[in-house]
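Please look over the chain shown here before reading the report. The text is best read with the model open beside it.

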Amino acid sequence: RVSPMSEISRRTVVAGFGAFAVAGCQAVPEVPVTPTISPQVMAMYGPRPEERFPIPAVDLSKIEPEFYRREVLDPTGGRPGTIVVDTASRYLYLVREDGRALRYGIGVGRAGFSWSGTAIIRRKQEWPTWTPPAEMIARDPDLEPYREGMEPSLSNPLGARALYLYQNGRDTLYRLHGTQEAYSIGRAVSSGCVRLINQDVIDLYDRVPVGTRVVVLPPDDQPAA
């Protein structure tokens with residue numbers, strides 16, 4: 001005969017084992033892993049309060065780390081001082097000496113708006129005015145107020161700097177320019193221009209003079225111009 005106390009003890013053990021078994025079968029919640037960002041990268045994309053329009057720090061969660069500015073082995077074979085825009089890979093290279101290059105992540109023209117070819121930087125501008133072309137206004141009548149130009153600001157589509165591309169002495173209407181839209185880096189979203197995050201376009205602007213040769217490679221599915 002089993003005593004009442006022994007029966008209670010047995011039930012307690014069985015109940016405890018059952019609870020343990022159920023708990024053991026449940027999935028352990030995963031703790032999100034936050035990527036570690038180096039102090040150098042944080043400083044590189046930190047705020048720029050000294051600018052005419054103070055630039056806030058970049059939200060690096062919106063940019064894939066592969067598109068952070070860095071020095072790499074030059075894959076282009078270009079002459080030092082040349083800018084090579086690899087549209088397909090979403091990278092801009094500033095070719096340096098000794099087989100090296102500075103690589104910047106970029107946003108490029110969406111389907112039907114991309115441009116390729118060889119050009120020269122004939123003009124540079126800090127905090128440029130943006131004047132949308134007539135055909136752009138025709139596509140988007142909301143841009144009509146800016147037909148004569150949009151004043152510089154953080155919301156100006158050209159951002160903090162613009163480098164103007166000329167071909168055979170004529171303005172191509174394409175630019176290398178800044179943007180506050182970090183999410184667009186690494187994507188095909190623009191109307192043909194090449195965009196860099198503002199901190200990157202300032203760095204590039206300070207490194208290249210007027211007269212710099214720019215080679216814009218076509219997407220994989222488009223022949224060179």
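What follows describes the sheet, the helix lying across it, the salt bridges and the nonpolar cores.

This is a predicted model, in which local features need pLDDT of at least 70 and side-chain atom pairs count only at pLDDT 80 or more, while totals for chains, interfaces and linings use all residues. Residues are numbered from 1 along each chain as its sequence is written, and side-chain values use heavy atoms, with hydrogens and water left out.

**Overall make-up**

The chain contains four helices and 11 strands, where helices (H or I, at least four residues) and strands (E, at least two) are DSSP runs numbered from the N terminus. Of its 225 residues, 39% are buried, a word that stands for under 20% relative accessible area, with exposed meaning over 50% and partly exposed the range in between (1.4 Å probe, protein chains only). Among the contacts in the chain with a separation of 6 or more, 64% are between residues 24 or more positions apart; contact here means heavy atoms within 4.5 Å.

**The sheet and its helix**

Nine strands form an open sheet with mixed pairing, in the order E1-E4-E3-E2-E11-E6-E7-E8-E10; two strands are taken to pair if DSSP finds at least two bridges between them. Its edges are strand E1 (70-73) and strand E10 (194-197), each of which pairs on one side only. On average, and with direction ignored, neighbouring strands of this sheet are turned by 30 degrees against each other, the axes being lines fitted to C-alpha atoms (for helices over the stretch in contact) and angles running from 0 to 180 degrees between N-to-C directions.

At one edge, E1 and strand E4 (residues 100-105) pair in the antiparallel sense over four bridges, and Arg70 stands opposite Arg103 in E4. Strand E11 (residues 213-217) runs parallel to E2, to which four bridges join it, with Val216 in E11 as the bridge partner of Val85. E11 is also joined to E6 by four bridges, but these two strands run antiparallel, and here Thr118 stands opposite Val215.

Helix H4 (residues 198-207) lies across E2, E3, E4, E6, E7, E8 and E10, and runs at about 105 degrees to E10.

**Salt bridges**

Side chains of opposite charge can pair when their charged atoms come close. The whole structure holds 10 salt bridges, each defined as a side-chain nitrogen of Lys or Arg within 4 Å of a carboxyl oxygen of Asp or Glu. Three of them are listed below with their N to O distances.

| Salt bridge | N to O distance |
|---|---|
| Arg161 and Glu51 | 3.0 Å |
| Arg69 and Asp200 | 2.8 Å |
| Glu144 and Arg147 | 2.8 Å |

The partners Arg161, in strand E7, and Glu51, in the loop between helix H2 (39-44) and E1, are 110 residues apart and so the pair links distant parts of the chain; both residues are buried. Arg69 and Asp200 are likewise both buried, and because Arg69 lies in the loop between H2 and E1 and Asp200 in helix H4, their salt bridge ties together parts that are 131 residues apart in sequence. In the third pair, Glu144 is partly exposed, with a relative accessible area of 38%, and Arg147 is partly exposed as well, at 36%.

**The surroundings of Arg69**

Arg69 has a relative accessibility of 14% and therefore counts as buried. Its side chain makes a polar contact with the side chain of Asp203 at 3.3 Å, a polar contact being a pair of N or O atoms within 3.5 Å in which, within protein, one must be able to donate a hydrogen and the other to accept it, and for which residues adjacent in sequence count only if both atoms are side-chain atoms. Salt bridges that share partners join Arg69, Asp200, Asp203 and Arg207 into one network. With neighbours within four places in sequence left aside, Arg69 is in contact with Met44, Tyr45, Arg103, Tyr104, Gln199, Asp200 and Asp203.

**Nonpolar cores**

A nonpolar core is a set of buried Ala, Val, Leu, Ile, Met, Phe, Trp, Tyr and Cys residues joined through side-chain atoms within 4.5 Å. The largest has 26 residues, and those with the most contacts inside it are Ile83, Val85, Leu92, Leu176 and Leu204. H4 gives the most to this core, with four residues. Apart from it lies another core of 16 residues, among them Tyr45, Leu60, Val72 and Ile185.
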